Amino acid sequence: RAEMRATAERTGRDVKIAEAMVDERVDIPGLSGEAGRPATLTTEQALHYKMADETAESLSEALRIYDLGSARVVEAQLNWAEHLVRFLTNPIITSILLAVAMFGIITEVRTPGWGLGGTLALVALALFFGSHLVLKLAEWQDLLLFVTGLALLIVEVFFIPGFGVVGLLGIGLMIASLALTQLGDFRLWNVESVAGVLARLSASMIAAVVLSIVFIRALPRFSTFNRLILGSQISAAEGYVSSPAEHDAELTGRRGTALSNLRPAGIGLFDGQRLDVVTDGEYIERQTPIQIVEARGSRVVVRPV
């Protein structure tokens, strides 16, 4: 209200009308609309009350009013790159990119080696962070925060037994990075914007989990995938055996030492014989005395003594 009043005084306009346009408490007979709303003016009213000097229906008419009819007008057009970045930063598209990235990470962790899941995650994250960095919606520290969280998660999955503080911290840093990237300048934060970003992140995570479950269950139905696995059964009745049964009986009960950390798979030493072994899921440190509790072909299950 003070800004409107000062502007009206500086430009020689009606101060009362200027205040009524932003403050519903100021009543101007003939101008104030319904109760509880600021005053609004039609074009004719604005000209009549001297709140406007001229009226123009087009840019060329406005230029003629200020004797700029012969001025050169340059219209700026968005190029393909700007259209692409605008498309990628659309809230719906960012949610899809995050869902694809999370789906790729989940799939990559559950499958050996580097495959389609990891590639999808890298492409989706590159598009997400790249578009936001171009528009200055994200800073490099946001990307660094995500990389740090991902590194902690990898360390937790592959190098630390169980799942604990390191993994939770990694996931927290990744989620914080994605949220900060979409929120932008903290001075513009409000309850609605924060709630909107958290809702989109939650929807992306749920979509990624559902997509992963559907993908893993549907994968065996594709002919391309079936070429990589053995679909027929090879039973002992047909003459197929992985190893003699008496050999399995000899291994059961033998004691030895874990040559490597078992998490849960590793190597054990039994009377000078090295065997690939696996636990029931627990973590066993190297040099721990172990005993074979089950032997079935190439699967040798051990427990700590």
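## Ile154 and a surface patch

Ile154 is partly exposed, because its relative accessible area is 39% and the partly exposed class runs between 20% and 50%. This value comes from a predicted model. Ile154 sits in helix α8.

Ile154 also belongs to a nonpolar patch on the surface. The other members are Val155, Phe158 and Phe159. Together the four residues have about 380 Å² of accessible area.

## The largest nonpolar core

Now turn to the interior. How many residues does the largest nonpolar core have? It has 22. Leu97, Leu98, Phe128, Phe129, Phe146, Leu178 and Leu201 have the most contacts inside this core.

Several helices build this core. At least two residues come from each of α6 (91-110), α7 (116-134), α8 (140-158), α9 (165-183) and α10 (191-218). Which helix gives the most? Helix α6 does, with 7 residues.

## Leu98 and Leu178

Leu98 is part of helix α6. Is Leu98 buried or exposed? Its relative accessibility is 2%, so Leu98 counts as buried; the cut-off for buried is under 20%.

Leaving out residues up to four places away in sequence, Leu98 touches Phe128, Leu178, Gln182, Leu201 and Ser204. The chain also brings Leu98 and Arg200 to 9.2 Å from each other, C-alpha to C-alpha. In sequence, these two residues are 102 residues apart.

Leu178 has its own set of contacts. With residues up to four places away in sequence again left out, Leu178 touches Leu98, Met102, Phe128, Phe129, Phe146 and Leu201.

## A second core

There is also a second, separate core. This one has 12 residues. Among them are Phe270, Leu275, Val277 and Ala295.

## Thr279 in its loop

Where is Thr279? It lies in the loop between strands β3 (273-278) and β4 (289-296). Although Thr279 is in a loop, it counts as buried because its relative accessibility is 4%.

What does Thr279 touch, not counting residues up to four places away in sequence? Its contacts are Leu262, Pro264, Ile284, Val301 and Val302. Thr279 has a polar partner too. A polar atom of its side chain lies 2.7 Å from the backbone oxygen of Glu282.

## Recap

Three residues show different settings. Ile154 is partly exposed and part of a nonpolar surface patch. Leu98 is buried and lies in helix α6. Thr279 is buried and lies in the loop between β3 and β4.

Technical notes:
Residues numbered from 1 in each chain as written. Predicted model: local features only at pLDDT ≥ 70, side-chain atom pairs only at ≥ 80, totals over all residues. Heavy atoms only, no water. Helix = DSSP H or I, 4+ residues; strand = E, 2+ residues; numbered from the N terminus. Buried < 20%, exposed > 50% of the residue type's maximum accessible area, 1.4 Å probe, protein only. Polar contact = N/O pair within 3.5 Å; in protein donor to acceptor, adjacent residues only side chain to side chain. Contact = heavy atoms within 4.5 Å. Core = buried A, V, L, I, M, F, W, Y, C linked by side-chain atoms within 4.5 Å. Patch = residues over 30% accessible without salt bridge, like charges linked within 9 Å, V, L, I, M, F, W, Y side chains within 5 Å. Areas by Shrake-Rupley, 256 points an atom, 1.4 Å probe, with all protein chains shown as cover. Salt bridge = Lys/Arg side-chain N within 4 Å of Asp/Glu carboxyl O.
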